[in-house]
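Biologist: I should like to request a close look at a single part of this model. Please take the surroundings step by step, and give the reasoning where there is any.

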Amino acid sequence: MTKTPETRTVEFIFDFVSPNGYLAWWPLKEIAARKGAAITITPVLLGGMHKLTGNAPPFVRDADVKGKNAYAQLEMQRFIARHGLTKFRMNPAFPFRSVELLRLLLAAIDLGCGEAFAEAFLRAIWEQGLDPSDSAAIDAVIAAAGLPAAALAEASQSAPVKDRLAANTQNAVDRGTFGIPTFFVGDEMFFGKERLAQIEELLG
């Protein structure tokens with residue numbers, strides 16, 4: 001494959017509500033650094049994606065399959081151990097409403113601070129147990145990260161940002177996405193944090 005800017009960029013289809021989004025982010029950053037690749041974040045609404053595709057969270061979908069969810073937990077712990085993600089904690093509010101955070105993330109991307117916003121809230125949610133329904137706690141994370149709170153708040157409530165989140169979700173489904181984490185390198189789609197090695201191989 002000829003390497004082009006598109007095939008040197010990993011697009012991360014992303015929602016804060018997915019614990020696997022947290023788990024995939026840090027190893028993906030390491031891969032991108034090793035390979036001289038870029039990462040772009042595309043915020044989508046996972047709940048909306050599930051409605052559009054007929055999918056469901058694994059803990060719901062596989063609840064009646066003996067042993068399957070227990071094995072998924074085993075694989076998660078293996079992944080955590082392999083990548084040293086020892087700060088990870090399941091959020092007490094999971095599954096939570098993420099639409100407001102995703103709109104703020106889109107606003108942050110527009111303002112050039114998308115990665116800083118994403119990382120601040122990945123840590124807050126999946127390491128520190130942030131309740132995403134607590135607006136004061138969200139404000140505190142934004143302030144601690146040194147992000148432009150007023151500009152983010154204003155932009156996140158704009159019609160273009162709200163419309164773009166819906167459009168991102170529909171577009172991701174139209175491209176074949178059904179869950180998170182999903183990644184695109186050029187036109188190649190990869191689903192699941194277990195595919196990171198394949199992404200690294202493709203990046204050369």
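Is Leu85 buried or exposed, and at what relative accessibility? Please go on from there to the residues and rings around it.

Modeller: The model is a predicted one, and what follows should be read accordingly. Leu85 has a relative accessibility of 7%, and therefore counts as buried, since the limit for that class is under 20%. Leu85 belongs to the loop between α4 and α5. When residues up to four places away in sequence are not counted, Leu85 touches Leu23, Trp26, Phe79 and Ile80. Between the C-alpha atoms of Leu85 and Tyr22 there are 9.5 Å in space, although 63 residues separate the two in sequence.

Arg82, in helix α4 (residues 68-83), has a relative accessibility of 71% and so counts as exposed. From the C-alpha atom of Arg82 to that of Phe178 the distance is 26 Å, with the two positions 96 residues apart along the chain.

Phe79, one of the residues touched by Leu85, leads on to a lysine. Lys193 lies over the face of Phe79, 5.4 Å from the ring centre. The position of Lys193 is in the loop between β4 (188-191) and α10 (196-203). Lys193 counts as buried because its relative accessibility is 7%. Apart from neighbours within four places in sequence, Lys193 is in contact with Asn20, Leu23, Ala24, Phe79 and Pro181. With Asn20 there is also a polar contact between side chains, at 2.8 Å. A charge over a ring is found again at Arg175, whose charged end sits over the ring of Phe184, 3.9 Å from the centre.

Asn20 also brings in the largest pocket, whose volume is about 1000 Å³. The lining of this pocket is made up of 39 residues, and those closest to the centre are Asn20, Pro57, Pro58, Phe59 and Ile180. Helix α4 supplies 7 residues, the largest share of the lining. At least two lining residues come from each of α1, α2 (46-53), α3 (58-61) and α4.

The aromatic rings complete the picture. The number of aromatic pairs is 13. In one of them, Phe16 and Phe117, the ring centres are 6.2 Å apart and the planes stand at 65°, so the pair is edge-to-face. Phe16 is in the loop between β1 (9-14) and α1 (19-35), whereas Phe117 is in helix α6 (residues 114-126), so this pair ties together parts that are 101 residues apart in sequence. Both Phe16 and Phe117 are buried. A further pair is formed by Phe96 and Trp126, with centres 6.0 Å apart and planes at 45°, so that pair is tilted. Here too distant parts of the chain are linked, since Phe96 is in the loop between α4 and α5 (99-110) and Trp126 is in helix α6, 30 residues apart. Phe96 counts as buried because its relative accessibility is 11%, and Trp126 counts as buried because its value is 0%. Finally, Phe16 and Phe117 belong to one aromatic cluster, which also includes Phe12, Phe14, Trp25, Phe121 and Phe183.

Definitions and conventions:
Residues numbered from 1 in each chain as written. Predicted model: local features only at pLDDT ≥ 70, side-chain atom pairs only at ≥ 80, totals over all residues. Heavy atoms only, no water. Helix = DSSP H or I, 4+ residues; strand = E, 2+ residues; numbered from the N terminus. Buried < 20%, exposed > 50% of the residue type's maximum accessible area, 1.4 Å probe, protein only. Polar contact = N/O pair within 3.5 Å; in protein donor to acceptor, adjacent residues only side chain to side chain. Contact = heavy atoms within 4.5 Å. Phe/Tyr/Trp six-rings, centres within 6.5 Å; stacked < 30°, edge-to-face > 60°. Lys NZ or Arg CZ within 6 Å of the ring centre and 35° of its normal. 1 Å grid on protein atoms, 1.4 Å probe; cavity = no way out; pocket = protein on both sides within 12 Å on 5 of 7 lines; lining within 4 Å. Points joined across faces, edges and corners; volume = space filled by probe spheres on them.
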